[in-house]
Amino acid sequence: MAEIEPIADRVTSYFYALLFLRHPALRDLFPAAMDAQRDRLFKALLTAATHADDPVTLTTYLTHLGRGHRKYGTLPEHYPAVGEALIGALARHAPETWGPRTEAAWVGAYTTISQIMIDAATEDELRAPAWWQAEVVAHVMRTKDVAIVTVRPDGPYPFLAGQYTTLETPWWPRVWRHYSFASAPRSDGLLSFHVKAVPAGWVSNALVHRARTGDVIRLGPPAGSMTVDHTSDSGLLCLGGGTGIAPIKALVEDVAQHGRRRSVDVFYGARRNNGLYDIDTMLRLQQSHPWLSVRPVVDDGPVGLLSGGIPQAVREFGPWHTHDAYLSGPPGMVRSSLDTLVGIGIPTHRIRHDSIEELVGATT
């Protein structure tokens, strides 16, 4: 890994060149432009290999990956081709460390990786489709670049508040991006997402500026472990930055639906005041639930608002060491908030957030 990491871009390019040269039919499983996908598959393989000696972590990670890959049309017979390209790319670009023992170790690791993913996909096929069709039933612009998109799936779609899914639009086939559910499960079955259009964001710009009522998108399976433990009475400390307020709102609704009075403190952050696009909704929830506290935070705030960013604001209140913490927002905000929470005494097992690496795709 030490030999490969400094030249990961070159290795990744060679990996795909081998894969498509030897198995050209597999090219159709990938998007036309490989900008985001190019690194994702190779990085996932390397991540899995680093956990080869930790079966619990490996199985959890790969089970999710195997289920999620069903939406791409991945079949069991595709795995040997990917393994062949992986071994070929590593052998070519790691001459100092590559040899029979290294190759045997990688073959063994990949065999384990692929079998866990195949088994997970096979099991998932018995209980859920690879994807769902979903009709856009509402599209509301909250700012010039943020829209709340509500869709109706074509069948039952079970998920938990705090989770996320992947979305594909008809304008960019095979390009999937992560988005969190913006509400707890609803009796009418509708799903809402907060989407911010970002520069060069294919899916986000399509959903914000192009999608209209009546359009049909596709949903992948739900995923993520940022969910509430309803067997506990611990308070909840929820930090949401930008559109990361969407799953935080879902968590608040989830607590309300379960009817248990436990304190929930929400810090809602943005760079500027106009970035708090959903603050009115959060304040209405605060008015309805006496156990809920909502504190808006901006990096450079006007009088009456907390300023200096979420980590600094969190330090001013508390103590929080008995709370369960939930983080959602831009990767930088999640990282800095995670460091802050650990620093003020919250054990890491009580801090929940979705994988930063996994959600990098949510920015596009």
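Below, a biologist asks and a modeller answers about a predicted model of one protein chain.

Biologist: How many helices and strands are in the protein chain?
Modeller: This is a predicted model, so the elements are those of the prediction. Its protein chain holds 11 helices and 12 strands.

Biologist: What radius of gyration does the protein chain have, and does it agree or disagree with a compact globule?
Modeller: The C-alpha trace spans about 65 × 50 × 40 Å along its principal axes. For 364 residues, a compact globule would have a radius of gyration near 21 Å. The chain agrees with that, at 22 Å.

Biologist: What share of the 364 residues is buried?
Modeller: Buried means under 20% relative accessible area. Of the 364 residues in the protein chain, the buried share is 51%.

Biologist: How many salt bridges does the count come to?
Modeller: A pair counts when a side-chain nitrogen of Lys or Arg is within 4 Å of a carboxyl oxygen of Asp or Glu. By this rule the count is 10.

Biologist: Which residue forms a salt bridge with Glu168?
Modeller: The closest N and O atoms of this pair are 2.5 Å apart. The partner of Glu168 is Arg218.

Biologist: Which parts does the pair of Glu168 and Arg218 tie together?
Modeller: Both Glu168 and Arg218 are buried. They are 50 residues apart in sequence, so the pair ties together separate parts of the chain. Glu168 lies in strand 3 (residues 164-168), and Arg218 lies in strand 6 (residues 216-219).

Biologist: Where does Leu167 lie, and how far is its C-alpha atom from that of Asn205?
Modeller: Leu167 lies in strand 3. It is buried, because its relative accessible area is 2%. Asn205 is 38 residues away along the chain, and the C-alpha separation is 13 Å.

Biologist: Are Arg186 and Asp188 buried, partly exposed or exposed?
Modeller: Their side chains meet in a salt bridge, 2.8 Å from N to O. Arg186 has a relative accessible area of 36%. Asp188 has 42% relative accessibility. Partly exposed covers values between 20% and 50%, so Arg186 is partly exposed, and Asp188 is also partly exposed.

Biologist: Why are Lys249 and Glu253 separated by about one helical turn?
Modeller: Lys249 and Glu253 form a salt bridge, with the closest N and O atoms 2.9 Å apart. Lys249 is buried at 13% relative accessibility, and Glu253 is buried at 19%. The one-turn separation arises because they are four residues apart in helix 7 (residues 245-258).

Biologist: Which residues are linked with Arg70 in a network of salt bridges?
Modeller: The network joins Arg70 to three named partners. They are Glu123, Asp124 and Arg127.

Biologist: Which residues form the positive surface patch?
Modeller: Arg272 is one of them, and it sits in the loop between strand 8 (264-270) and helix 8 (279-288). Arg272 is exposed, because its relative accessible area is 56%. The patch is formed by Lys144, Lys196, Arg271 and Arg272.

Biologist: What phi does Arg174 have?
Modeller: Most residues other than glycine have a negative phi. Arg174 is found in the loop between strand 3 and strand 4 (176-180). It is partly exposed, with a relative accessible area of 31%. Though not a glycine, Arg174 has a positive phi of about 70°.

Biologist: Where is Ala200 found, and what phi does it have?
Modeller: Ala200 is found in the loop between strand 5 (191-196) and helix 6 (202-210). At 65% relative accessibility, Ala200 is exposed. It is not a glycine, yet its phi is positive, at about 65°.

Biologist: Is Ile346 buried or exposed, and how far is its C-alpha atom from that of Gln287?
Modeller: Ile346 lies in the loop between helix 10 (331-343) and strand 12 (351-353). It is buried, because its relative accessible area is 2%. Gln287 is 59 residues away along the chain, and the C-alpha atoms are separated by 28 Å.

Biologist: How far apart are the C-alpha atoms of Gln163 and Ile87?
Modeller: Gln163 is found in the loop between strand 2 (146-153) and strand 3. Its relative accessible area is 11%, so Gln163 is buried. Gln163 and Ile87 are 76 residues apart along the chain, and their C-alpha separation is 34 Å.

Notes:
Residues numbered from 1 in each chain as written. Predicted model: local features only at pLDDT ≥ 70, side-chain atom pairs only at ≥ 80, totals over all residues. Heavy atoms only, no water. Patch = residues over 30% accessible without salt bridge, like charges linked within 9 Å, V, L, I, M, F, W, Y side chains within 5 Å. Areas by Shrake-Rupley, 256 points an atom, 1.4 Å probe, with all protein chains shown as cover. Lys, Arg positive; Asp, Glu negative; His and termini not counted. Charge placed at Lys NZ, Arg CZ, Asp CG, Glu CD. Helix = DSSP H or I, 4+ residues; strand = E, 2+ residues; numbered from the N terminus. Buried < 20%, exposed > 50% of the residue type's maximum accessible area, 1.4 Å probe, protein only. Rg over C-alpha atoms; globule rule 2.2 N^0.38 Å.
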